[in-house]
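User: Got a structure here I'd like to go through with you. Can we start with the basics?

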Amino acid sequence: MSGIDTLETAMRPVLILAALSIAAGDVALAETPRDFLIRFEKEAGTAASAERGARFFNSKQGGEWSCASCHTDKPTQAGRHAKTDKPIGALAPAANAERFTDATKVDKWFRRNCNDTLNRLCTAQEKADVTAWLLSLK
Amino acid sequence: MHTNEKPIRVWDLPTRLFHWSLAASFLVAFLTSESEKLRDIHVLAGYGLAGLIAFRILWGFVGGGYSRFAEFLPTPAKVLGYLRSLLAGRPQHYVGHNPAGAVAIFLLLGFGIAAAASGYATYNEFGGHFMEEVHEVAANGMMVLVVIHLAGVLVSSWLHGENLVKAMITGWKNTRNENPAG
């Protein structure tokens, strides 16, 4: 048995793991904004309403801020942080291709920003509605 | 064995002030980490933490006996020896930082620097998503070390029959002095 064969045998599990993780990474990268809409609708158990999403986005929900306080009521444009005044990239996927493509980021920012505006987490229905509205913007 | 048992001064005032200020600034930063509304306070706590660590590094070279890095520099031999004694249920007694604690201190300082630097980068919008990740990993790493540190303080206080929390408040330990420093 040659050294190379032994090495290959030894490396096989590593290579398989590497291939699997690259594949998993590709799946994660391949997520589209529509995948998130489908996911939230599925979690909510009902269809999303872009109209309801727009109302939710643009009005205060018990907190001091609405979503629009930072993202403006035209999320195809850049927003501005209500506390630090720093620019925030446009939220609508039509204007910013990076938005709603990474589940980690989407979940992280829904969690943080819902707590800031609602003092609680958003329901799946609320997330579905907002996502539907953002996807409808051109 | 209990010769020379009398109160000794272990932690000087700057070291104690540093310790509790660092704990407070880290706690504030951690508690405000998820909020955009409290972002100003979070950033302020981060600057405080960075300043405190800068002071501690300086103090590690010019400060009082047990506060100096040279006094508790953990060599692999010292760390292994200490961990072995800990597992055997008869931990070696150090008046200052024990070698395992010393490792945690240097890691905490390192993670603190990484958290502050990556936080500064993120806040000023350079380094992108990568810096955001570094910031979170460093801050979570600090929290893990803090939890280990708290457990270590409890276990060590119990095993050695000394109140380490009180020592970090008053600076005094009522203990036998086996390895006088500085």
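Analyst: Sure, here are some notes on helices and on the contact between chains. It's a predicted model, where local features need pLDDT of at least 70, side-chain atom pairs count only at pLDDT 80 or more, and totals for chains, interfaces and linings use all residues. Residues are numbered from 1 along each chain as its sequence is written, with chains lettered from A and ligands numbered from 1 in the order in which they are written.

User: Which residues of α1(B) are buried?

Analyst: Thr15(B), Ser25(B), Phe26(B) and Ala29(B). Buried means 20 or more other C-beta atoms within 10 Å of the residue's own, exposed means 12 or fewer, and C-beta atoms are placed from the backbone.

User: And what's exposed on the other side of α1(B)?

Analyst: Leu13(B) and Trp20(B).

User: What do the buried ones pack against?

Analyst: They pack against α2 (39-62) and α6 (128-160) of chain B. Contact here means C-beta atoms, placed from the backbone, within 7 Å, and helices are DSSP runs (H or I, at least four residues), numbered from the N terminus.

User: New topic: how many residues does each chain put into the A–B contact?

Analyst: Chain A gives seven and chain B gives six. On the chain A side there are no nonpolar, four polar and three charged residues. Asp, Glu, Lys and Arg count as charged, Ala, Val, Leu, Ile, Met, Phe, Trp, Tyr, Cys and Pro as nonpolar, and the others, Gly among them, as polar.

User: Which residues make the α4(B)–α5(B) contact?

Analyst: Lys78(B), Val79(B), Tyr82(B) and Leu83(B) come from α4(B), and Pro99(B), Ala100(B) and Val103(B) from α5(B). By class, that's six nonpolar, no polar and one charged.

Terms used
Contact = placed C-beta atoms within 7 Å. Helix = DSSP H or I, 4+ residues; strand = E, 2+ residues; numbered from the N terminus.
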